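Colleague: I've got a structure open and would like to go through a few parts of it with you. Could you pull it up as well?

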Amino acid sequence: MLLLISPDGVEEALACAKAADHLDIVDVKKPDEGSLGANFPWVIREIRGAVPADKPVSATVGDVPYKPGTVAQAALGAAVSGATYIKVGLYGCTTPDQAIEVMRGVVRAVKDFRPDAFVVASGYADAHRIGCVSPLALPDIARRSGSDAAMLDTAIKDGTRLFDHVPPEACGEFVRLAHDAGLLAALAGSVKREDLALLTRIGTDIVGVRGAVCEGGDRNAGRIQPRLVAEFRAEMDRHAREYAATPAAS
Ligand SMILES: O=C[C@H](O)COP(=O)(O)O
């Protein structure tokens, strides 16, 4: 399982750089603009320059409306700024067809510019609270749009977590559907260390985290701490080892 950490700017990206041995992807976002809030192009560029070259930089394009042209152009902006993982939160899409249309535009805009870029179609575990496409529709949306991964995060950061909205068995189904479609499965949403055993067992490819590696577990007031990133990673590795040793894993 890969560890994706979401700094809110250059200062926190430097904290990620200090913990670079313990994480896999640095995901630039602007949490005060929403769950997948987009940051400025110059911030993405500066972060690309600040983290080790072998660590991919991801950028969120926002909790986007159903406006395919607007979103495609924003996604290209993130790619031009140096992000090679482009994450789109399909907040304003109420049907799978709308979501596919948005993601097709993103895939074309990004891959015409950079064919090896990795496009992530993200929905929300708490879609029922905001009226967007349902979580289990995401793998098919990602497949039919030519995206590389399907993701779930939580839209409303009120202390509820991924598994509060999509129970582990349904997350397992999400992962299976993504894998059957040839995609990676990414899961996030106030994930804590105690969720790692289940996330490992269901075959999650990427876990996305912010709050759990911020001081006091506070994704807004706390700052990312390299020590907490290292501890989170150690816990991931422990679960990976334990799971690999169980008969179910073979
Ligand atoms: O992409 C991952 C998100 O930043 C998760 O943030 P969170 O762990 O605070 O919910």
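Colleague: Let's begin with helix α6: how many of its eight residues are buried?
Modeller: Bearing in mind that this is a predicted model, six of the eight residues in α6, which spans residues 138-145, are buried, so the helix is largely enclosed by the rest of the structure.

Colleague: Which residues of α6 are buried?
Modeller: The buried ones are Leu138, Pro139, Asp140, Ile141, Ala142 and Ser145.

Colleague: And what covers them?
Modeller: The cover over the buried residues of α6 includes two helices, α4 (96-113) and α8 (168-180), together with the strands β5 (118-124) and β6 (149-153).

Colleague: What follows α6?
Modeller: Glycine 146 comes after the helix, and its phi is positive, near 85°.

Colleague: Where else should I look for a positive phi, this time in a residue other than glycine?
Modeller: Look at serine 190, where phi is near 50°; as a general matter, most residues other than glycine have a negative phi. Serine 190 sits in the loop that links β7 (184-188) to α9 (196-201).

Colleague: Is serine 190 buried or exposed, and why?
Modeller: Serine 190 counts as buried because 22 other C-beta atoms lie within 10 Å, and the cut-off for that class is 20 or more.

Colleague: Switching to the strands, how many residues of β3 are buried?
Modeller: Seven of the seven residues in β3, residues 57-63, are buried, which leaves the strand mostly covered.

Colleague: Which way does β2 run against β3, parallel or antiparallel?
Modeller: Strand β2 (residues 25-28) runs parallel to β3, and three bridges join them; one pairing to look at is aspartate 27, whose bridge partner in β3 is serine 58. With helix α2 (residues 41-50), these two strands form a right-handed β-α-β unit.

Colleague: What about β3 and β4?
Modeller: Strand β4 (residues 85-89) also pairs with β3 in the parallel sense, here over four bridges, and alanine 59 has isoleucine 86 of β4 as its bridge partner. The chain gets from β3 to β4 by way of helix α3 (residues 68-80), in a β-α-β crossover that is right-handed.

Colleague: Last topic, the ligand: which of the 15 residues around it come nearest?
Modeller: Those that come nearest are Ser6, Ala188, Gly208, Arg210 and Gly211.

Colleague: And what is the make-up of that shell by class?
Modeller: The shell around the ligand consists of five nonpolar, five polar and five charged residues.

Notes. Residues numbered from 1 in each chain as written. Predicted model: local features only at pLDDT ≥ 70, side-chain atom pairs only at ≥ 80, totals over all residues. Buried ≥ 20, exposed ≤ 12 C-beta atoms within 10 Å, placed from the backbone. Near = placed C-beta within 6 Å. Nonpolar A, V, L, I, M, F, W, Y, C, P; charged D, E, K, R; others polar. Contact = placed C-beta atoms within 7 Å. Pairing = 2+ DSSP bridges. Right-handed = clockwise from strand over helix to strand, strands pointing away.
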